[in-house]
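Please walk me through this structure, starting from a single residue and working outward to the helices and the aromatic rings.

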Amino acid sequence: MNLILVNSSAILAVGYDGYTLTVEFHGGRIYDHPGVPYHVYRELMNAPSMGAYYNQHIRGRYR
């Protein structure tokens, strides 16, 4: 999966294959989140704060 560089102070890059969301943080940690719906991916990509959106809507909900 190709990751797209994003403009975020917390997140370096994001990838999505229609099922699994991959998030790479500054510092090198990469997390795969299977089962993420497309609308959650789009909301993450459009969020004013991607890190805050990730923490509120993705972290701990999709493993």
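**From one strand residue to the helix packing**

In this predicted model, Asp32 touches Thr20, Leu21, Thr22 and Arg63, when residues up to four places away in sequence are not counted. Asp32 is found in strand 4, and with a relative accessible area of 48% it is partly exposed. Asp32 can also be placed relative to Arg59, which is 27 residues away in sequence and 10 Å away in space, C-alpha to C-alpha.

The segment after helix 2 is the place of Tyr62. Tyr62 and Gly35 are 27 residues apart in sequence, and their C-alpha atoms are 6.6 Å apart in space. Once neighbours within four places in sequence are left aside, Tyr62 is in contact with His33, Pro34, Gly35, Val36, Pro37, Val40 and His57.

One of those partners, Val40, leads to helix 1, whose buried residues are Val40, Tyr41 and Leu44. Seen down the axis of helix 1, these buried residues fall within an arc of 100°, so they line one face of the helix. A general feature of helices helps in reading this pattern: an α-helix has 3.6 residues a turn, so residues three or four places apart point the same way. The face of helix 1 that is turned away from its buried side carries the exposed residues Tyr38 and Asn46. The cover over the buried residues of helix 1 includes strand 1 (4–5), strand 2 (11–16), strand 3 (20–25) and helix 2.

How do the two helices lie against each other, and at what angle do they pack? Helix 1 (residues 38–46) and helix 2 (residues 50–57) pack at an angle of about 150°, with their axes 8 Å apart. Because angles over 145 degrees count as roughly antiparallel, helix 1 is roughly antiparallel to helix 2. Helix 1 contributes Val40, Glu43, Leu44 and Met45 to the contact, and helix 2 contributes Met50, Tyr53 and Tyr54. By residue class, the contact of helix 1 with helix 2 divides into six nonpolar residues, no polar residues and one charged residue.

The loop between helix 1 and helix 2 holds Ser49, which is partly exposed at a relative accessible area of 39%. Ser49 and Thr22 are 27 residues apart in sequence and, C-alpha to C-alpha, 17 Å apart in space.

On helix 2, the buried residues are Met50, Gly51, Tyr53 and Tyr54. They cover an arc of only 165° around the axis, which puts them on the same side of helix 2. The elements against which the buried residues of helix 2 pack are strand 2, strand 3, strand 4 (30–34) and helix 1. Two of these buried residues also meet a serine from another part of the chain: leaving out residues up to four places away in sequence, Ser8 touches His26, Met50 and Gly51. Ser8 lies in the loop between strand 1 and strand 2, and at 15% relative accessibility Ser8 counts as buried.

The aromatic rings give a further view of how the elements meet. A pair of aromatic rings is described by the distance of the centres and the angle of the planes. With ring centres required to lie within 6.5 Å, the count comes to five aromatic pairs. Among them is the pair of Tyr16 and Tyr38, which is tilted, at 6.3 Å centre to centre and 45° between the planes. This pair links distant parts of the chain, with Tyr16 in strand 2 and Tyr38 in helix 1, 22 residues apart. Tyr16 counts as buried at 17% relative accessibility, whereas Tyr38 is exposed, with a relative accessible area of 51%.

The rings of Phe25 and Tyr54 have their centres 5.1 Å apart and their planes at 75°, so this pair is edge-to-face. Here too distant parts of the chain are linked, since Phe25 is in strand 3 and Tyr54 is in helix 2, 29 residues apart. Phe25 is buried, with a relative accessible area of 16%, and Tyr54 is buried as well, with a relative accessible area of 4%. Finally, ring pairs link Tyr16, Tyr38 and Tyr41 into a cluster, in which Tyr41 is one of the buried residues of helix 1 and Tyr38 is one of the exposed residues on the face turned away from them.

Terms used. Residues numbered from 1 in each chain as written. Predicted model: local features only at pLDDT ≥ 70, side-chain atom pairs only at ≥ 80, totals over all residues. Heavy atoms only, no water. Axes fitted to C-alpha atoms, helices over the stretch in contact; angles between N-to-C directions. Helix = DSSP H or I, 4+ residues; strand = E, 2+ residues; numbered from the N terminus. Parallel < 35°, antiparallel > 145°, perpendicular 65-115°, else oblique. Contact = heavy atoms within 4.5 Å. Nonpolar A, V, L, I, M, F, W, Y, C, P; charged D, E, K, R; others polar. Buried < 20%, exposed > 50% of the residue type's maximum accessible area, 1.4 Å probe, protein only. Arc of directions from axis to C-beta. Phe/Tyr/Trp six-rings, centres within 6.5 Å; stacked < 30°, edge-to-face > 60°.
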